[in-house]
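Colleague: Could you walk me through the salt bridges here? I have the sequence and the model open.

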Amino acid sequence: VAFVKTLLLESFDVISEINPTGGFLNIRVKKTEICANILKEAVNKLGDFGNNDFGLDKNVVIDYSSPNIAKSFSIGHLRSTMIGNSLKLIYRKCGYNVFGINYLGDWGTQFGKMIIAYKKWGNLAEIKADPINKLTELYVRFHDEAKEDPSLEDEAREAFRKLETGDQEYYELWQWIREESLKESQQIYDLLHVSFDSYNGEAYYNDKMDPVVDELMEKGLLIDDQGAKIVRIGDDVPPALIKRRDGGSLYITRDLSAIFDRKNTYNFDKILYVVGNEQKLHFEQLRRVITAMGYDYSDSINHINFGLVLQNGRKMSTRGGGVVKLYDVLDNAMKLAYKQITEKNPNIENPEEIARKVGCGAVVFNDLKNHRTLDYDFDMEKMLKFEGQTGPYL
């Protein structure tokens with residue numbers, strides 16, 4: 001013991017004292033000296049502090065945020081946005097080449113619903129004055145009306161089929177909705193200092209799916225199932241549905257096109273999908289289809305799953321009208337932070353800028369402090385307190 005004690009004291013100058021106790025060595029360190037050394041290094045290196053190069057020459061693609069267009073950017077999308085952005089920063093710190101992709105939900109049958117709602121009940125002047133809120137109201141109304149009249153669902157599927165096949169009127173309406181949605185989203189990304197290298201959403205792959213379907217057919221993997229096209233990928237998981245009976249594409253069809261495109265574009269060593277817990281089966285199916293096709297990078301696919309943001313213990317739903325808008329949350333957080341800051345420090349300089357950092361930081365910290373895979377209840381009042389485990393306190 002005496003030898004080990006002497007060796008440690010001679011080897012580490014930050015150790016102040018070593019006391020043998022039973023079968024243990026209790027080691028005391030010079031905390032002040034350690035803190036001073038860390039802070040000096042941080043100040044000297046500034047933005048380079050903590051850098052390392054074990055990811056050198058490796059490429060990582062991160063698919064995150066990915067809100068559905070034509071709907072308000074809700075508090076529910078904060079999780080994917082901030083977890084993904086944090087991973088992007090961490091991987092870059094570790095020397096990787098990182099490519100952030102905002103895989104917009106800009107395609108699918110919900111646009112058929114939006115088109116039908118717009119044509120039946122939309123007022124163009126009102127929508128242009130307040131695009132996203134009015135479009136969200138139409139989307140909610142569609143689901144309310146469809147409960148009484150299920151034939152609306154058939155009309156929506158037909159409208160989306162026309163959109164997929166290039167109907168000019170529907171395409172121009174879809175394009176305008178997409179542009180307006182991106183304007184609203186960008187306000188939020190600017191506040192949160194979040195950026196992306198690509199905004200290629202689901203629609204980008206609309207004309208890139210046929211080669212994938214053809215390849216599945218050529219390799220004998222595509223099976224006809226009462227008019228639909230499926231791939232069987234094992235007895236322990238359901239078959240992957242590649243094409244519906246009406247010939248329409250599905251989420252997994254677009255994801256297959258996307259992953260092949262991303263492999264060709266970025267030659268990734270890893271691809272991370274920051275998507276909720278409920279998509280676990282989808283990514284298992286995606287991995288298995290890729291393996292069945294003979295590609296060797298299914299192990300590079302990582303599903304970074306996360307829990308829900310709840311409101312009063314319940315999941316928020318756009319179609320039910322129960323959504324908390326993220327922009328409103330950030331705006332309220334900044335206003336409350338400004339009030340508290342100016343009351344505590346009336347003569348402080350740049351109160352608006354500090355309120356932005358404290359307010360937005362409170363929302364981000366509250367999201368990231370929760371265990372990633374668990375659900376949590378949204379509570380504005382708690383997250384903005386200046387005491388306890390909160391962003392403002394820190």
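Colleague: How many salt bridges does a search of the whole structure find?

Modeller: Happy to help! This is a predicted model, where local features need pLDDT of at least 70, side-chain atom pairs count only at pLDDT 80 or more, and totals for chains, interfaces and linings use all residues. Residues are numbered from 1 along each chain as its sequence is written, and side-chain values use heavy atoms, without hydrogens and water. With a salt bridge taken as a side-chain nitrogen of Lys or Arg within 4 Å of a carboxyl oxygen of Asp or Glu, the search of the whole structure gives 25.

Colleague: Which residue meets Asp-106 in a salt bridge?

Modeller: Asp-106 sits in the loop between β4 (97-101) and α4 (109-121), and its partner, 72 residues apart, lies in helix α8 (residues 168-192). Helices (H or I, at least four residues) and strands (E, at least two) are DSSP runs, numbered from the N terminus. The N to O distance is 2.8 Å, and the partner is Arg-178.

Colleague: Is Asp-106 buried or exposed?

Modeller: Buried means under 20% relative accessible area, exposed over 50%, and partly exposed in between (1.4 Å probe, protein chains only). Asp-106 has a relative accessible area of 1%, so this residue is buried.

Colleague: Which residue forms a salt bridge with Arg-288 from about one helical turn away in helix α11?

Modeller: The two residues are 4 apart in helix α11, which means a separation of about one helical turn. The closest N and O atoms are 2.7 Å apart, and the partner of Arg-288 is Glu-284.
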